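User: Please take a close look at one part of this model, the packing of its helices, and explain how the pieces fit together.
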Amino acid sequence: MDHTTHEPEKRAHGTASWGAAVKATLHCLTGCAIGEILGMVIGTSLGWANVPTMVLAIGLAFLFGYSFTLFAVLRSGIGLKAAIRIALAADTVSIAVMELVDNAIIALTPGAMDAHLSDGLFWSALLGGFAVAFLVTTPVNKWMIGRGRGHAVAHAHH
């Protein structure tokens with residue numbers, strides 16, 4: 001029996017490179033950042049309370065995060081229903097970890113929740129939260145990709 005034919009498969013599902021994890025996390029961060037910034041800007045500019053603003057920001061982060069993967073998978077010719085399932089499987093954990101960490105940073109930064117769009121504190125807490133979320137989410141994505149989950153699911157259809 002020739003074991004060399006199984007080696008690439010074993011490697012693909014056993015470990016993932018840090019480069020692949022960084023790329024997957026940046027992909028996720030882009031969608032999350034667009035959605036979250038948009039939600040924070042909308043809620044803050046409309047004078048909404050903190051909770052509805054965060055709910056909108058988190059909802060839009062998931063929406064934009066999923067949409068990036070969804071559109072990429074749809075371009076490969078897969079039907080909408082299957083593409084939605086792939087996007088959910090690829091991005092849910094990554095987006096959830098990113099949003100949990102990012103919003104915790106914002107919530108725990110004194111004064112950040114009451115800062116206005118023109119305040120440096122608003123932007124530094126938001127961008128600082130993204131940086132910390134990226135650092136926490138990258139190892140999570142590395143672990144998931146190494147097990148054939150997360151972004152590995154979407155990359156099989158690109």
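What is the orientation of helix 3 and helix 4 to each other?

Analyst: This is a predicted model, in which local features need pLDDT of at least 70, side-chain atom pairs count only at pLDDT 80 or more, and totals for chains, interfaces and linings use all residues. Residues are numbered from 1 along each chain as its sequence is written, and side-chain values use heavy atoms, leaving out hydrogens and water.

Helix 3 and helix 4 (helices being DSSP runs of H or I, at least four residues, numbered from the N terminus) have axes 8 Å apart and an angle of about 140 degrees. Axes are lines fitted to C-alpha atoms over the stretch in contact, and angles run from 0 to 180 degrees between N-to-C directions. Helix 3 and helix 4 are therefore oblique to each other, a class that remains once angles under 35 degrees (roughly parallel), over 145 (roughly antiparallel) and 65 to 115 (roughly perpendicular) are set aside. Helix 3 passes helix 4 in a right-handed crossing, the near helix being turned clockwise from the far one by less than a right angle. Their contact (heavy atoms within 4.5 Å) comprises 17 nonpolar, four polar and two charged residues.

Helix 4 also packs against helix 2: these axes come within 10 Å and cross at roughly 50 degrees, so helix 2 and helix 4 are likewise oblique. Helix 2 passes helix 4 in a right-handed crossing. From helix 2, the contact draws on residues including Cys 32, Glu 36 and Met 40, and from helix 4 on residues including Met 98, Asp 102 and Asn 103. By class, this contact has seven nonpolar, three polar and three charged residues.

The largest nonpolar core has 21 residues, and Cys 32, Met 40, Met 98 and Leu 126 have the most contacts inside it. Such a core joins buried Ala, Val, Leu, Ile, Met, Phe, Trp, Tyr and Cys residues through side-chain atoms within 4.5 Å; buried means under 20% relative accessible area with a 1.4 Å probe, protein chains only. Helix 2 (18-45), helix 3 (50-75), helix 4 (80-108) and helix 5 (120-146) each supply at least two of its residues, and helix 5 gives the largest share, six. Not counting residues up to four places away in sequence, Met 40 touches residues including Met 54, Ile 106, Phe 122 and Leu 126.

Helix 5 also holds Thr 137, which is buried, with a relative accessible area of 0%. With the same sequence neighbours left out, Thr 137 touches Thr 25, Ser 94, Val 97 and Met 98.

How values were computed. Buried means under 20% relative accessible area, exposed over 50%, partly exposed in between (1.4 Å probe, protein chains only). Ala, Val, Leu, Ile, Met, Phe, Trp, Tyr, Cys and Pro count as nonpolar, Asp, Glu, Lys and Arg as charged, and the others, Gly among them, as polar.
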